[in-house]
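This report describes a structural model, beginning with one residue and its surroundings and then widening to the chain, its helix packing and the contact between chains.

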Amino acid sequence: MFYQKNRNVILPILVFPVLILVWELYIKIFQVPDYLLPRPMDLLGSMIRLFQTGEITKHIMITLQEIFVGTGVGIVIGLVLGYIMAKIKVIERLVMPFVVIVQTAPKISLAPLFILWMGLGIESKAALVILVVSFPIMINEVTAIRSIDDNAYNLMKVLKANRWQVFTQLEVPYSLEMLLSGIKLALTQAMTGAVIGEMIGAKAGLGYLLTLGNETYDIRLILNAVILLSMIGLILYILSGLIERKALYWKELDRSVIG
Amino acid sequence: MESTKYSVVTKNLGKVYKNLLKDDTVALTDINLEIENGEFVSIIGPSGCGKSTLLKIIGGLEKPTSGEIIYSDPENKLGFVFQDSVLLPWKNVRENAEFPLVIQKKRSPENEKRLDELLELAGLTEFSTALPRELSGGMKQRVSIVRALSYDAPLLLMDEPFGALDALTRDHLNLQLLKIWSKTGKTILFVTHSIEEATFLSDRVLVMATRPGRIREIVTIDLPRPRNEDTRNNPRFAELNKYLRELIG
């Protein structure tokens, strides 16, 4: 019973020690030098030291700040623009072609521009995240509003609902659905945006540590940053999955998201 | 007085769609109707005869291009049941049925009590906390009917409400609708493409013709009430069906 229920968690945990063992053996057998791949225990030790000196928390906080500020603002901007475009056809016709053009270009390629304009602080990275997040949210919002059944609007009309009621009782809940399914994707993209921005130009953050480690041949620093980033990514993914399940209780959702 | 006897009266109602390059499309012309209070009237006709358009115009969802509509209810309050139930998926059965009261800010104890009675009447009490995705098509449509009745509008407009359901469920819901109708005393205007359904339910059946959409004949259904399963075995039931079928052609 216990195994059946938690199979999705138990299996990966069982594989983990095997992975560590293979890693350790690989280094032993092929005599891999320390500066190319440290032994697992060495890496763990360096990670613990990073936390003990407290140096690393500053970088983690900065990257998280960029992700959360950027995602938050990006969602609001995406929602507002998406709603306006869905409601006013003329604006959509005017704006949509440009949206499509900007969409096709990799938004990350704008990173150097943002850094030139806004400097090495968190502003440039937050701006990049806003850009990365707001586009998919905007497109999703347009689709969400468009997909609302005509008869749902007719129902509101029969009930003599005012515009505000149509907005809060019908349009917001329907957009929430699209928004939440988009948020998981947005968060992973937000992290990519923040890290790449940091790698191109920053004074702090996990992406900055990646570049620093690269320039100083510090394999431990690079690996630690990568591990921390994937852990942040995993936590964000699980968190957004939880929020989605809480908010979309009325929908059949993919249950593989969490354990 | 005319205004007290009739629930809805339409005078020379017409609807024309303007076309840019072709001739205008006349969807409805010269619709003169007198629907009495508490009457059950069905509208049938070939597809494209404008029966749904007529219902939408009476429901205030579309504007006529000519003629006028007189409602007995000064606020012209009415309930509308659509072909698809249009339930809000995040609200459970009771919340969906209660939705009009929320929108119109009429959540008084007596309205809540009437709502519970209606849910009981529709056999939905034990499902009141179920979500729409857990319901069958027939149950969703029952919720939708209760919702349309929840704010006690005197007139109920139904646009092929059982069109998407299987025959057994449809027969069952027809009986239940008659029960609700006789208990609440509403005036019902019912659009359907099933002749048997129209005959079974109605006091009068409005047969429409196409191109342009107009009234061909209004047939009085003189089957005894209350109607039940036996009504379908009544020879008069078959006669009326045959007559209506020939009218539609």
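## A loop with a positive phi value

Val86(B) counts as buried, because 21 C-beta neighbours lie inside 10 Å of this residue and the threshold for burial is 20 or more. The model is a predicted one, and the values given here are computed from it. Val86(B) belongs to the loop between β5 (78-81) and α3 (93-103) of chain B. Its phi is positive, at about 45°, although Val86(B) is not a glycine.

Ser85(B) is placed in the loop between β5 and α3 of chain B as well. With 22 C-beta neighbours inside 10 Å, Ser85(B) counts as buried. Leaving aside residues up to four places away in sequence, Ser85(B) touches Lys140(B), Gln141(B), Val143(B) and Ser144(B). These partners can be set against the range of helix α5 of chain B, which comprises residues 137-149. In contrast to these contacts, the C-alpha atoms of Ser85(B) and Pro64(B) are separated by 25 Å, the two residues being 21 residues apart along the chain.

## Packing of α3 and α5 in chain B

The loop that holds Val86(B) ends at α3 of chain B. The axes of α3(B) and α5(B) come within 7 Å and cross at roughly 30°. Angles under 35 degrees count as roughly parallel, and α3(B) and α5(B) are therefore roughly parallel to each other. Their crossing is right-handed.

On the α3(B) side, the contact is made by Val93(B), Asn96(B), Ala97(B), Phe99(B) and Pro100(B), while α5(B) contributes Val143(B), Val146(B) and Arg147(B). By class, this contact has 6 nonpolar, 1 polar and 1 charged residues. Val143(B) of α5(B) thus takes part in the helix contact and is also one of the residues touched by Ser85(B).

## Further backbone features of chain B

A second positive phi value in a residue other than glycine is that of Asp30(B), near 50°. Asp30(B) is found in strand β2 (residues 25-36) of chain B. With 15 C-beta neighbours inside 10 Å, Asp30(B) counts as partly exposed, whereas Val86(B) counts as buried.

Cis peptide bonds form another group of features. One joins Arg211(B) and Pro212(B), with omega about -5°; Pro212(B) lies in the loop between β8 (204-209) and β9 (214-220) of chain B. The peptide bond from Arg225(B) to Pro226(B) is also cis, and its omega is near -5°. Pro226(B) is located in the loop between β9 and α8 (235-248) of chain B.

## Chain B as a whole

Chain B has 8 helices and 9 strands. Its radius of gyration is 18 Å, close to the 18 Å that the globule rule gives for 249 residues, so chain B is as compact as a globular protein of that length. Along the principal axes, the C-alpha atoms of chain B fill a box of roughly 50 × 45 × 40 Å.

Of the 249 residues of chain B, 41% count as buried. Among contacts in chain B with a separation of 6 or more, 73% are accounted for by residues 24 or more positions apart.

## Helix packing in chain A

In chain A, helix α3 (residues 55-87) and helix α8 (residues 163-200) pack at an angle of about 140°, with their axes 9 Å apart. Roughly antiparallel requires an angle over 145 degrees; α3(A) and α8(A) are therefore oblique to each other. The crossing of α3(A) and α8(A) is right-handed.

The residues of α3(A) that make the contact are Thr63(A), Glu66(A), Ile67(A), Gly70(A), Thr71(A) and Leu79(A). Those of α8(A) include Ser175(A), Leu179(A), Ala186(A), Leu187(A) and Glu198(A). Across both helices, the contact residues divide into 8 nonpolar, 5 polar and 2 charged.

## Contact between chains A and B

Between the chains, 14 residues of chain A are in contact with 14 residues of chain B. On the side of chain A that touches chain B, α7 (150-158) and α8 each supply at least two residues. The most is given by α7(A), with 6 residues. By class, this side of chain A has 7 nonpolar, 4 polar and 3 charged residues. Helix α8 of chain A therefore serves both in the contact with chain B and in the packing with α3(A).

Terms used:
Residues are numbered from 1 along each chain as its sequence is written. Chains are lettered from A and ligands numbered from 1 in the order in which they are written. This is a predicted model: local features need pLDDT of at least 70, side-chain atom pairs count only at pLDDT 80 or more; totals for chains, interfaces and linings use all residues. Axes are lines fitted to C-alpha atoms, for helices over the stretch in contact, and angles run from 0 to 180 degrees between N-to-C directions. Helices (H or I, at least four residues) and strands (E, at least two) are DSSP runs, numbered from the N terminus. Angles under 35 degrees count as roughly parallel, over 145 as roughly antiparallel, 65 to 115 as roughly perpendicular and the rest as oblique. A crossing is left-handed if the near helix is turned anticlockwise from the far one by less than a right angle, and right-handed if clockwise. Two residues are in contact if their C-beta atoms, placed from the backbone, lie within 7 Å. Ala, Val, Leu, Ile, Met, Phe, Trp, Tyr, Cys and Pro count as nonpolar, Asp, Glu, Lys and Arg as charged, and the others, Gly among them, as polar. The radius of gyration is taken over C-alpha atoms; the globule rule is 2.2 Å times the number of residues to the power 0.38. A residue is buried if 20 or more other C-beta atoms lie within 10 Å of its own, exposed if 12 or fewer, and partly exposed in between; C-beta atoms are placed from the backbone.
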